[in-house]
Amino acid sequence: MKVLTDGIQLCQLVVFDDPHDMGKEYIAQIDFFGNRILTSNVEPDIQWYKVYRQEICKNFFEYLIEAYHNGMPFDLNGGDFKENYKTVSEGGPSTTADAKPKEEEKKEAPKEVEKPKQSAKPAAKPKNPPSKIKRGKAWDIAYYDKETIELNESEVDMSTAVMVTACTNSNVVIHGKLNNVSLTACKNCAVLVDSVISAVELIKCDGVKVV
């Protein structure tokens, strides 16, 4: 029941300006109590948890990360979650009710006078500073480039989750035994970990090695 209620908390993320940090905390809570199910040797419970964790909670969180920049789409008539998620990720409307053109939208818009092109290039978007922060039972490591980030045995235990986000060309070294590790949007990174109870997850990563 605790795993179920922790998963339901993900629905709150639709009103967050940025769901990354709180979403990672909710996922860590699901993993913490879910590990008890995985070690219970009750096969029906284990199968239920795997489907709930992977197919519902994980997919929903990934959908939020993809969609929150443009606002969350809503369809009063509902629809298939996987189909909607696939459609949104490919750049289309989220539902079949999204876009019946109105009469006024069908009318040809007046042509705009073409403005002269400016030669000046837009300013580059500032990079996020690297961070290594512990929130509750979860370490949040983000935005490192060409660095080695290390967690000692005194900093982790069997209830600890480590979330690594948007790191490039970096190494994450974890000493000791912990609950789980997840990497999101990382490129050309390596993870060296002594022991993991649950799993090491890779979400939208490229060139990541786990040792």
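So, strand 2: both of its faces are covered. On one side you have Ala138, Asp140 and Ala142, on the other Trp139 and Ile141, and they're all buried. That's five of the five residues of the strand, so strand 2 is largely enclosed by the rest of the structure. And please keep in mind that this is a predicted model, so everything I say today is about a prediction.

Okay, who sits beside strand 2? On one side of the story there's strand 1, residues 131-135, which runs antiparallel to strand 2 and is joined to it by five bridges. If you want a pair to click on, take Lys132, which stands opposite Ile141 in strand 2. The two strands form a hairpin with two residues between them, and in that hairpin Gly136 takes a positive phi near 65°.

Stay on Lys132 for a second. Which ring does Lys132 lie over? It's Trp139, with Lys132 over its face at 5.5 Å from the ring centre. So Lys132 shows up twice: opposite Ile141 in the strand pairing, and over the face of Trp139. As for rings with rings, the count of aromatic pairs comes to zero.

Now the other partner. Strand 4, residues 161-165, runs parallel to strand 2, and again five bridges join them. Here Asp140 has Met163 as its bridge partner in strand 4. Hang on to Met163, please; we'll need it when we get to the cavities.

From strand 4 we step on to strand 6. Those two pair in the parallel sense over five bridges, with Thr165 opposite Thr184 in strand 6. And how many of the residues of strand 6 are buried? Five of the five, so strand 6, too, is largely enclosed by the rest of the structure. Face by face, Asn180, Ser182 and Thr184 are buried on one side, and Val181 and Leu183 on the other.

One more step: strand 6 pairs with strand 8, parallel, over four bridges. Val181 has Val200 as its bridge partner in strand 8.

Then there's the odd-numbered set. Strands 3, 5, 7 and 9 make an open sheet of four strands, in the order 3-5-7-9, with parallel pairing. At the edges are strand 3 (148-151) and strand 9 (209-210), each pairing on one side only. Inside that sheet, strand 5 (residues 171-178) and strand 7 (residues 190-196) pair in the parallel sense over six bridges, and one of the contacts is Val172 with its bridge partner Val191 in strand 7.

Let me zoom out. The protein chain has five helices and nine strands. Going from the N terminus, the order is α-α-α-α-α-β-β-β-β-β-β-β-β-β. Of the 211 residues in the chain, 35% are buried.

Right, cavities. The structure holds two of 30 Å³ or more. The largest has a volume of about 90 Å³. Which residues line the largest cavity? Lys24, Ile27, Arg53, Lys58, Phe61, Met163, Ser182, Thr184, Glu201 and Ile203. You've met some of these names already: Ser182 and Thr184 are on one buried face of strand 6, and Met163 is the partner of Asp140.

By element, helix 2 (20-38), helix 3 (43-67), strand 6 (180-184) and strand 8 (200-203) each supply at least two residues of that lining. Helix 3 gives the most, with three. By class, it's four nonpolar, two polar and four charged residues.

The second largest cavity holds about 50 Å³ of space. Its lining is Asp21, Lys24, Glu25, Arg135, Ala138, Trp139, Asp140 and Met163. Helix 2 and strand 2 (138-142) are the elements that give two or more residues to it. The class count here is three nonpolar, no polar and five charged residues.

And that takes us back to where we started. Ala138, Trp139 and Asp140 are among the residues lining the second largest cavity, and they're all buried. Met163 is in the lining of the largest cavity and also in that of the second largest, and so is Lys24, in the one and in the other.

That's my tour. Questions?

Key
Residues are numbered from 1 along each chain as its sequence is written. This is a predicted model: local features need pLDDT of at least 70, side-chain atom pairs count only at pLDDT 80 or more; totals for chains, interfaces and linings use all residues. Side-chain values use heavy atoms; hydrogens and water are left out. On a 1 Å grid over the protein atoms alone, a cavity is a set of points where a 1.4 Å probe fits but cannot get out, and a pocket is an open set with protein on both sides within 12 Å along at least five of seven lines; lining residues have an atom within 4 Å of a point. Grid points are joined across faces, edges and corners, and a volume is the space filled by probe spheres set on the points. Ala, Val, Leu, Ile, Met, Phe, Trp, Tyr, Cys and Pro count as nonpolar, Asp, Glu, Lys and Arg as charged, and the others, Gly among them, as polar. Two strands pair if DSSP finds at least two bridges between them. Rings of Phe, Tyr and Trp (its six-membered ring) pair if their centres lie within 6.5 Å; planes under 30 degrees apart count as stacked, over 60 as edge-to-face and the rest as tilted. A charge sits over a ring if NZ of Lys or CZ of Arg is within 6 Å of the ring centre and within 35 degrees of the ring normal. Buried means under 20% relative accessible area, exposed over 50%, partly exposed in between (1.4 Å probe, protein chains only).
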